[in-house]
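Biologist: I'd like a close look at one part of this one. Could you walk me through it once it's on the screen?

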Amino acid sequence: SGNDRRGGGMLTYGAPAIRNCTFTQNYGYFGGGLYPRGATTATGVIISGAPILITEIDTTKYLDHFQWIKEAKIPILGICFGHQIIGLIYGAEASKMKEDRDWQLIEIYEECILFNKLPNEIEMMEDHCETISIPPNFLLIGSSDACINEVMAHNSLPIFGVQFHPE
């Protein structure tokens with residue numbers, strides 16, 4: 001987590017940095033906004049899961065730190081907490097759901113670059129007890145019996161979120 005590989009690499013921000021909100025090591029001010037360091041040369045950003053319940057905390061500091069997502073021009077993938085943060089930034093509502101810590105069959109409804117060459121039903125590991133609605137300008141890509149918003153994609157930007165854990 002917190003890897004910053006310049007020169008066209010992927011920027012990843014995982015649980016330790018997110019949980020403690022120690023963004024100063026990985027973020028900097030560029031052009032008046034807060035962006036991940038190296039975002040100008042990275043080919044993408046992955047925001048992974050974190051042991052945080054967004055329905056039980058004030059999410060303001062996280063939303064403030066991730067506002068750069070709205071200005072990014074590179075692909076962004078949110079996994080679990082990252083998926084939820086992306087949704088909240090774009091206006092989704094968070095809610096509690098039945099705890100899910102097992103494999104779920106996820107049905108893919110729409111074409112999406114994340115699932116090219118994969119079947120329309122995939123089994124993925126879940127580890128969450130919260131969900132988000134589909135934010136404006138996002139398309140629902142896939143659902144499971146346990147969670148409606150398993151996969152979402154922005155209508156026009158390369159921004160994706162998955163509630164499940166592909167890792």
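How many residues lie between strand 12 and strand 13 in the hairpin they form? And please tell me about strand 13 and the aromatic pairs while you're there.

Modeller: Sure, and bear in mind that this is a predicted model. Four residues sit between strand 12 and strand 13 in that hairpin. Strand 12 covers residues 151–154, and its pairing with strand 13 is antiparallel, with three bridges. One spot to look at is valine 151, which is opposite valine 162 of strand 13.

Strand 13 also pairs with strand 6 (residues 76–79), this time in parallel and through four bridges. There, glycine 78 faces glycine 161 of strand 13.

Now for the side chains. In a regular strand they alternate between the two faces of the sheet. In strand 13, Ile159 and Gly161 point one way while Phe160 and Val162 point the other, and all of them are buried.

On to the rings: the count is three aromatic pairs. One of them joins phenylalanine 66 and tryptophan 68, with centres 6.3 Å apart and planes at 45 degrees, so it's a tilted pair. Phenylalanine 66 is buried at 0% relative accessibility, and tryptophan 68 is buried at 3%. Another pair, tyrosine 90 with phenylalanine 138, is edge-to-face, at 5.1 Å between centres and 65 degrees between planes. That pair links distant parts of the chain, 48 residues apart: tyrosine 90 is in the loop between helix 3 and strand 7, and phenylalanine 138 is in strand 11. Both tyrosine 90 and phenylalanine 138 are buried. Tyrosine 90 also has lysine 70 over its face, 5.6 Å from the ring centre.

Terms used
Residues are numbered from 1 along each chain as its sequence is written. This is a predicted model: local features need pLDDT of at least 70, side-chain atom pairs count only at pLDDT 80 or more; totals for chains, interfaces and linings use all residues. Side-chain values use heavy atoms; hydrogens and water are left out. Buried means under 20% relative accessible area, exposed over 50%, partly exposed in between (1.4 Å probe, protein chains only). Helices (H or I, at least four residues) and strands (E, at least two) are DSSP runs, numbered from the N terminus. Two strands pair if DSSP finds at least two bridges between them. Rings of Phe, Tyr and Trp (its six-membered ring) pair if their centres lie within 6.5 Å; planes under 30 degrees apart count as stacked, over 60 as edge-to-face and the rest as tilted. A charge sits over a ring if NZ of Lys or CZ of Arg is within 6 Å of the ring centre and within 35 degrees of the ring normal.
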